[in-house]
Number of protein chains: 2
Amino acid sequence: MRKFNDSLPLRLLKAREAAMAFFRPLLQEIPLTEQQWRVIRALNEFEELESKQLAELCCILSPSLTGIINRLEQQGYIKRRKSPEDQRRILISLTDKAKTMFAQMSPRLEARYQEMTDRFSHEDMKTLEELLNKLCNVKP
Amino acid sequence: MRKFNDSLPLRLLKAREAAMAFFRPLLQEIPLTEQQWRVIRALNEFEELESKQLAELCCILSPSLTGIINRLEQQGYIKRRKSPEDQRRILISLTDKAKTMFAQMSPRLEARYQEMTDRFSHEDMKTLEELLNKLCNVKP
DNA sequence: AGACATTCGTTAATACATTAATAAAATGAC
DNA sequence: GTCATTTTATTAATGTATTAACGAATGTCT
């Protein structure tokens with residue numbers, strides 16, 4: 001059988017840890033968790049989203065998202081309202097506080113991203129991203 | 001700023017999900033969680049390991065590992081003993097039950113791995129693994 | 001030997017992941 | 001229009017992630 005360290009899922013896990021090491025310290029200053037930032041980042045780009053769309057985009061399952069949304073609301077970063085057409089749906093968007101915080105954080109995080117890419121290799125990074133996209137479309 | 005879906009950590013997360021989709025169904029038959037299988041897989045290869053070594057290998061933090069070890073022991077898959085030289089260290093190894101289970105599962109999982117590689121591309125898989133290794137060595 | 005810091009495993013507290021089950025709203029067949 | 005079905009969000013239960021703090025065992029220094 002394949003050696004333990006040659007497992008693709010383990011490699012993906014380790015690689016993700018290595019990448020997150022660039023960003024985690026900045027998020028901890030706020031403080032925000034990795035998942036909270038993913039949610040805020042998605043809402044910054046799409047303005048207002050349904051809970052289900054948000055879960056899909058952020059790769060977070062609905063039950064987890066329920067908790068994340070609650071905590072973000074308590075911290076004053078998001079607001080929620082019910083959809084007028086469909087009373088089941090919850091529409092979520094950023095508060096001004098979140099938008100301000102995002103505006104201050106994003107350039108710092110982007111700089112870290114650049115630093116990571118520089119130390120890795122722009123060319124290889126592009127290749128890696130393409131291969132990861134390809135892997136995402138491989139289904140059992 | 002970079003588009004939401006172009007984030008490397010998110011791509012790594014999605015790619016890992018896509019890969020795990022090949023193996024999860026088999027593990028659920030036992031049932032075993034992803035982390036439990038990682039621990040068992042490591043112990044199968046290294047016979048007996050200290051808790052700290054196991055954590056390092058499996059990319060699991062000590063506090064998480066404590067719980068995982070406890071549950072695996074209750075299920076009869078592992079046994080633990082104190083190191084004679086250093087009473088702080090815990091030595092962990094597989095039970096016969098675990099070895100039998102592993103022998104039955106590993107060829108099935110390996111077959112899935114092969115299937116995944118086939119559908120992806122052997123050549124690209126090799127490139128991907130090398131790039132992931134390289135990324136692991138990039139530190140802030 | 002005795003004070004000191006280190007190391008290893010664990011516990012505590014909070015946040016998230018995963019599956020199953022539930023309640024409420026909307027949809028579709030009749 | 002009524003009822004079974006489907007969809008959406010939540011709750012429940014268990015397992016894991018992360019940080020801080022703790023206690024016991026070892027190592028170090030004087």
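Tutor: Before we start: helices (H or I, at least four residues) and strands (E, at least two) are DSSP runs, numbered from the N terminus.

Student: Okay, so how many helices and strands are there in chain A?

Tutor: Chain A has six helices and three strands. Starting at the N terminus, they come in the order α-α-β-α-α-β-β-α-α. This is a predicted model, where local features need pLDDT of at least 70, side-chain atom pairs count only at pLDDT 80 or more, and totals for chains, interfaces and linings use all residues. Residues are numbered from 1 along each chain as its sequence is written, chains are lettered from A and ligands numbered from 1 in the order in which they are written, and side-chain values use heavy atoms, with hydrogens and water left out.

Student: What box do the C-alpha atoms of chain A fill?

Tutor: Roughly 55 × 40 × 25 Å, taken along the principal axes. Of the 140 residues in chain A, 48% are buried. Buried means under 20% relative accessible area, exposed means over 50%, and partly exposed is in between (1.4 Å probe, protein chains only).

Student: Which domain does UniProt list for chain A?

Tutor: The UniProt record, an unreviewed entry, gives "domain: HTH marR-type" for residues 5-137 of chain A. UniProt positions are given in the numbering used here, feature names are shortened, and annotations may be inferred rather than shown by experiment. In the model, residues 5-137 of chain A are 72% helix and 10% strand, with the end C-alpha atoms 24 Å apart.

Student: New topic. What turn lays chain B on chain A?

Tutor: A turn of 180°, with a shift of 0.0 Å along the axis, and the RMSD is 0.0 Å. The two copies are thus related as by a two-fold rotation axis. The same surface serves both copies, as 100% of the contact residues of chain B recur in chain A. Two bits of method: copies are superposed by least squares on the C-alpha atoms of residues with pLDDT of at least 70 in both, and contact means heavy atoms within 4.5 Å.

Student: Can you show me a residue that touches the other chain? Say, what does B:Tyr113 touch?

Tutor: Not counting residues up to four places away in sequence, B:Tyr113 touches A:Arg2, A:Asp6, A:Ser7, A:Leu8, A:Pro9, B:Phe23 and B:Glu129. B:Tyr113 lies in helix 5 (residues 96-120) of chain B.

Student: Is B:Tyr113 buried or exposed?

Tutor: Buried, as B:Tyr113 has a relative accessible area of 5%. B:Tyr113 and B:Phe22 are 91 residues apart in sequence, yet 7.4 Å apart in space, C-alpha to C-alpha.

Student: And what about A:Leu57, where does that lie?

Tutor: A:Leu57 is in helix 3 (residues 51-58) of chain A. A:Leu57 is buried too, at a relative accessible area of 17%. Leaving aside neighbours within four places in sequence, A:Leu57 is in contact with residues including A:Phe46, B:Phe4 and B:Leu10.

Student: Let's talk pockets. What volume does the largest pocket have?

Tutor: About 1,500 Å³. On a 1 Å grid over the protein atoms alone, a pocket is an open set of points where a 1.4 Å probe fits, with protein on both sides within 12 Å along at least five of seven lines, and lining residues have an atom within 4 Å of a point. Grid points are joined across faces, edges and corners, and a volume is the space filled by probe spheres set on the points.

Student: Which residues are closest to its centre?

Tutor: Of the 42 residues that line the largest pocket, the closest to its centre are A:Leu13, A:Arg16, A:Glu17, B:Arg38 and B:Cys59. Helix 1 of chain A gives the largest share of the lining, 10 residues.

Student: Any odd backbone spots? What is the peptide bond from A:Ile30 to A:Pro31?

Tutor: That bond is cis, with omega near 5°. A:Pro31 sits in the loop between helix 1 and helix 2 of chain A. The bond from B:Ile30 to B:Pro31 is also cis, with omega near 5°. Most residues other than glycine have a negative phi, and most peptide bonds are trans.

Student: So which phi does A:Glu47 have?

Tutor: Near 65°, a positive value in a residue other than glycine. A:Glu47 is exposed, with a relative accessible area of 53%, and lies in the loop between helix 2 and strand 1 (48-50) of chain A.
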